[in-house]
Amino acid sequence: MADSSTPRLTVPSRNPLPLSASQETQVRDIYYARVRKSCAEEIKAFAECAKGKGLAVTFSCRAPHRVMNSCMKEHATQAEYDAAREEWFALRLERQRAREAKNKVADAQKEFLREWWGLPESERDAKKASQPERVGGMPSKDRVVKN
């Protein structure tokens, strides 16, 4: 979660605006990560039991599996989902800043290429389009190019 020094946007209600499918997926990922973090010990115990068992895992690891499932059911509540949703809204400022920084770097790279070649982008593309297409390397000096 973000520390208290970063500005946060407040969530107007428990379930504010409907989110897009990709945004809901991000919220669900945060939710599942929080539930798995709460039950990390139980998950680890089941994984240790299941290691190398193959299909026999259903019979030989029934007790650790039940402990893990009960822990996950206990922590997978609507309150936890709301907390994950609030965390997603709190972190949207950070995501916006990262997106802006990425766009700024991309614009700087485009500008560098224009300056490096000394041509505006439209002229560079026109010059490239006027040259004949080559397949398999450089043509020989005495080869006749058909148009």
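Buried residues account for 18% of the 147 residues in the protein. The model is a predicted one, and its surface exposes about 11900 Å², of which carbon and sulfur atoms supply 56%. The secondary structure consists of seven helices and zero strands, which gives the pattern α-α-α-α-α-α-α when the protein is read along the sequence. Among contacts between residues at least 6 apart in sequence, 73% join residues at least 24 apart.

The covalent cross-links offer a starting point for following the chain. A disulfide is a covalent bond between the sulfur atoms of two cysteines. A search of the whole structure finds two disulfides. When the bonded cysteines are counted along the chain, the pairing follows the pattern 1-4, 2-3.

One disulfide joins Cys39 to Cys71, with an S to S distance of 2.1 Å. This pair links distant parts of the chain, 32 residues apart: Cys39 is in the loop between helix 1 (21-38) and helix 2 (40-50), while Cys71 is in helix 4 (residues 62-75). The torsion about the S-S bond of Cys39 and Cys71 is about -95°, and the disulfide is therefore left-handed. The accessibility of the two cysteines can be judged against a cut-off, since a residue is called buried when its relative accessible area is under 20%. Cys39 has a relative accessible area of 0% and is therefore buried. Cys71 also counts as buried, because its relative accessibility is 7%.

The other disulfide is formed by Cys49 and Cys61, whose sulfur atoms are 2.0 Å apart. Here too the pair links distant parts of the chain, with Cys49 in helix 2 and Cys61 in the loop between helix 3 (57-60) and helix 4, twelve residues apart. The link of Cys49 and Cys61 is left-handed, with -95° about the S-S bond. Both Cys49 and Cys61 are buried.

Aromatic side chains provide a further set of contacts. A search of the whole structure finds three aromatic pairs. One of them is formed by Tyr31 and Tyr81, whose rings are 5.2 Å apart centre to centre, with 75° between the planes, in an edge-to-face arrangement. Tyr31 lies in helix 1 and Tyr81 in helix 5 (residues 78-90), so the pair ties together parts that are 50 residues apart in sequence. Tyr31 has a relative accessible area of 11% and is therefore buried. Tyr81 is buried as well, because its relative accessible area is 16%. Tyr31 and Tyr81 also belong, with Tyr32, to one aromatic cluster.

What arrangement do the rings of Trp88 and Phe89 adopt? Their centres are 5.0 Å apart and their planes lie at 90°, so the pair is edge-to-face. The reasoning rests on the angle, because planes over 60 degrees apart count as edge-to-face. Trp88 counts as buried because its relative accessibility is 6%, and Phe89 likewise counts as buried because its relative accessibility is 4%.

Taken together, these links can be traced through the helices. Helix 1 holds Tyr31, which pairs with Tyr81 of helix 5, and the loop between helix 1 and helix 2 holds Cys39, which is linked to Cys71 in helix 4. Helix 2 in turn contributes Cys49, which is linked to Cys61 in the loop between helix 3 and helix 4.

Methods
Residues numbered from 1 in each chain as written. Predicted model: local features only at pLDDT ≥ 70, side-chain atom pairs only at ≥ 80, totals over all residues. Heavy atoms only, no water. Disulfide = S-S within 2.5 Å. Helix = DSSP H or I, 4+ residues; strand = E, 2+ residues; numbered from the N terminus. Buried < 20%, exposed > 50% of the residue type's maximum accessible area, 1.4 Å probe, protein only. Phe/Tyr/Trp six-rings, centres within 6.5 Å; stacked < 30°, edge-to-face > 60°. Contact = heavy atoms within 4.5 Å. Areas by Shrake-Rupley, 256 points an atom, 1.4 Å probe, with all protein chains shown as cover.
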